Amino acid sequence: MNSLRLKPGKEKSLLRRHPWVFDGAIATGEGGGMGGAEAGETVRIESHDGQFLGWAAYSPQSKIRARVWSFDEAQCIDASFFIAACAESIRARSLFDIQSDGLRLIHGESDGLPGLVVDRYGDTLVAQFSSCGSERFKGVIVDALLKQTGLTRLYERSDAGVRSLEGLPEATGWLAGSGSTDIILTEHDWKLSLDVASGHKTGFYLDQRDSRHKFSQYARRMAFKRVLNCYSYTGGFTVAALKGGAAHVTSIDSSGPAIERAAANVALNGFDASRTTMMDADVNAALRQFLKDGVTFDAIVLDPPKFAPTAFHAERAARAYKDINRLALMLLEPGGALFTYSCSGGISADLFHKIVAGAGLDAGVDAYITERMGGAPDHPMTVTFPEGEYLKGLVLVKMRA
Ligand code: SAH
C-alpha cells in the first residue's frame, strides 16, 4: 500500500473531514513516497509524523492529488465499501421530499463518493465518473447501482471538462441496457423530456426542481400574465409557469437544441404554442432590446450558467450577475416577481445577495426578498464539505413605490 505524507500543518482540513488533498500539501512528491501508485489507486494519507488521516484515491495529474474515500483506518476500500456507500446514498433519498421520478442518487463528495454523480431519470440511470478513483471502481459501482435500484439501463456521461484535469479521456455510452436515450420524466404535475446522451450535464437540471415548483405556485398566486424565462434550457420554468396559469411565457436560450426541446415540452404538457415565444438568442442582448422597446414582464427567471467556477473568477462574474439583475429589475412591472440564481461555486450566498442588492440600487428599484432558495435536497450539502453549496437563489417582489 502506497502512502502519501503531508507537509507539517497540512493535516488540518483532513482532520475536519474535508476530502481533498491538494498537490501543494504533499511532502513526498512523485519519485518519493508515491513512486509506485497508479491513477485511482487507494493510498494511505498520513500527517508529517505518520498519523493516519484517510484512505484516498490517487490522481497523479490533478491539482486535487487525492480524494478521500474514508477517514476510518479500519475501512477497506473494496467492492463492499462501494456497495455500502451507494446503498446509503440511495437510502438517504427516501428521507427527502422529491416529487419526481427524476432525481440525483449520488452527489459526489456530499455523499462520500468524490468524483461520482448518478442521476435517475425514470427507468434509466446516468452516471458521471469524473475522478481517477471513481473511474477505477466503475465496474463495482455500476453493478451496485443496478442491483440496488432494480433498473437495467445505465448510460455513462463521463464527458465533463474536469475529466481532462484528471488526465482521463471522455467516455459516453450505455454501460448496461440499450435503446432510446430520449426520456420523459414527471416532475410535480408536469412532464419534461430530455436526452441523456446529448443534454447538458447528465441531461437535465434536476437541482432546480424545487424552484420550478415554487415558480408555478407564484404564477398561480400572483396570476402572472407575461413571463420571461431567461436561460430557459429545455423550458422547465416555462412549463411550470404555464401549469401555474401564466398567460404567456417568453423563453430565451442561446442553445438551439435546448430551445427546440423547450417548445416540445410545452406541447408535451398540452399547452398551445401561441402561449409561448421561443427565442434562440443571447440573454444580455435580448434584455437590452426589451428595455429599448419598452417591453415589461410580471415575472422573470434568471438562471444563468456558472459565471464563476471558482472564487478566482468572482469579480468578473459579480459584474455579469449585477448587470443582468439590474436589467431584469428594470423590465419588471411593479409588484412583479424576479426569481434570480447563481450556480457559481465561487459566489457565496452572501455575496450573491450583495450583488443583487447592488443591482437594485443601480436600477433604482427596491424589492421584498420573499424567498431564499438552494438546490433541491437530492443535491445535499454536508457540514464537512462547504464547496457542496453551489446553487443559491432569491425571489424578489418589486415594490410599487
Ligand atoms: N433554468 C434551466 C437551466 C438553465 S442552465 C432549467 O430549469 O432547466 C443555463 C442555460 O443557459 C443553458 O441552457 C445554456 O444554453 C444557456 N445560456 C448560456 N449562456 C447564455 C446566453 N448568453 N444567453 C442565453 N442563454 C445562455
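1. Helices here are DSSP runs (H or I) of at least four residues and strands are runs (E) of at least two, both numbered from the N terminus. Counted that way, the secondary structure of the chain comes to eleven helices and 19 strands. The model is a predicted one.

2. On overall dimensions, the C-alpha trace spans about 65 × 45 × 35 Å along its principal axes. The radius of gyration of the chain is 23 Å, which agrees with the value near 21 Å for a compact globule of 401 residues. Buried residues account for 55% of the 401 residues.

3. The N-terminal part carries a surface patch of positive charge, formed by Lys7, Lys10, Lys12 and Arg16. Lys7 sits in the loop that runs between strand E1 (3–5) and helix H1 (12–15). Its relative accessible area is 35%, so Lys7 is classed as partly exposed.

4. Gly9 is also placed in the loop between E1 and H1. With a relative accessible area of 31%, Gly9 is partly exposed. Its C-alpha atom is separated by 8.1 Å from that of Ser47, although the two residues are 38 residues apart along the chain.

5. The salt bridges number 27. One of them joins the side chains of Arg65 and Asp23, at 3.7 Å from N to O. This pair links distant parts of the chain, with Arg65 in strand E5 (residues 64–70) and Asp23 in the loop between strand E2 (20–22) and strand E3 (42–46), 42 residues apart. Arg65 counts as buried because its relative accessibility is 12%, under the 20% cut-off, whereas Asp23, at 27%, counts as partly exposed.

6. A salt bridge also connects Glu156 with Lys138, at 2.7 Å from N to O. Glu156 belongs to strand E9 (residues 153–158) and Lys138 to helix H4 (residues 138–149), and the two are 18 residues apart. Glu156 is buried, with a relative accessible area of 4%. Lys138 counts as buried as well, at 13% relative accessibility.

7. Arg209 and Asp378 form a further salt bridge, with their closest N and O atoms 2.7 Å apart. Arg209 lies in helix H6 (residues 209–222) and Asp378 in the loop between strand E18 (367–374) and strand E19 (392–398), so the pair ties together parts 169 residues apart in sequence. Both residues, Arg209 and Asp378, are buried.

8. Finally, a network of salt bridges links four residues: Arg5, Arg44, Glu46 and Glu73.

Notes: Residues are numbered from 1 along each chain as its sequence is written. This is a predicted model: local features need pLDDT of at least 70, side-chain atom pairs count only at pLDDT 80 or more; totals for chains, interfaces and linings use all residues. Side-chain values use heavy atoms; hydrogens and water are left out. Patches are made of residues with over 30% relative accessible area and no salt bridge: like charges are joined within 9 Å, nonpolar side chains (Val, Leu, Ile, Met, Phe, Trp, Tyr) within 5 Å. Accessible areas come from the Shrake-Rupley method with a 1.4 Å probe; for residues, only the protein chains shown count as cover. Lys and Arg count as positive and Asp and Glu as negative; His and the chain ends are not counted. The place of a charge is taken as NZ of Lys, CZ of Arg, CG of Asp or CD of Glu. Buried means under 20% relative accessible area, exposed over 50%, partly exposed in between (1.4 Å probe, protein chains only). The radius of gyration is taken over C-alpha atoms; the globule rule is 2.2 Å times the number of residues to the power 0.38.
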